[in-house]
Amino acid sequence: PAMVKQVNQTDLSLLLDSPSPLVIEFFAAWCGPCKMMAPKFEKLAIEFPNVNCVKVDIDEQEALASKYEVNMMPTFVFFKDGKEIHRIEGTKEENLRTQFSLLQ
């Protein structure tokens, strides 16, 4: 089963209130680079079990995409204590891993 669940605004509010760090992947079903990054994001979710990892479909959740000013797919947004601390746009896998380890 996938570690990374797709979420909506309500789910996200709950996760942002939780003490665990959070990483959101903003993606689109039609986006090739997103498909390429999905298994890598899953792998990091397994490797860093203390980090909540979720994804948001920008076409289904347009309000969230605009709230977080997502302009490129995929965009990974990192939160600690409910606040955005970093974001990575595109397919920079090594940056992704580094940011995950900094959330520990």
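This report looks at helix H4 and at some backbone oddities in a predicted model.

## Helix H4 and its two faces

Let's start with H4, which spans residues 93-103 and has four buried residues: Leu96, Gln99, Phe100 and Leu103. They sit on the same side of the helix, because the arc they cover around the axis is only 105°. Flip to the face turned away from that buried side and you'll find the exposed residues Glu94 and Leu102.

What do the buried residues of H4 pack against? Their partners are one helix, H2 (32-47), and the strands E2 (22-27), E3 (52-57), E4 (75-80) and E5 (83-89).

## A cis proline before E4

Now for the backbone. Most peptide bonds are trans. The one running from methionine 73 to proline 74 is cis, though, with omega near -10°. Proline 74 belongs to the loop that links helix H3 (62-67) to E4.

## Two positive phi values

Residues other than glycine mostly have a negative phi. Glutamate 69 goes the other way: its phi is near 50°. This glutamate is in the loop between H3 and E4, the loop where proline 74 also lies. Is glutamate 69 buried or exposed? With a relative accessible area of 59%, glutamate 69 counts as exposed, since the cut-off for that is over 50%.

Aspartate 81 isn't a glycine either, yet its phi is positive, at about 50°. You'll spot aspartate 81 in the loop between E4 and E5, two of the strands that the buried residues of H4 pack against. Aspartate 81 is exposed too, with a relative accessible area of 58%.

Methods. Residues numbered from 1 in each chain as written. Predicted model: local features only at pLDDT ≥ 70, side-chain atom pairs only at ≥ 80, totals over all residues. Heavy atoms only, no water. Buried < 20%, exposed > 50% of the residue type's maximum accessible area, 1.4 Å probe, protein only. Arc of directions from axis to C-beta. Contact = heavy atoms within 4.5 Å.
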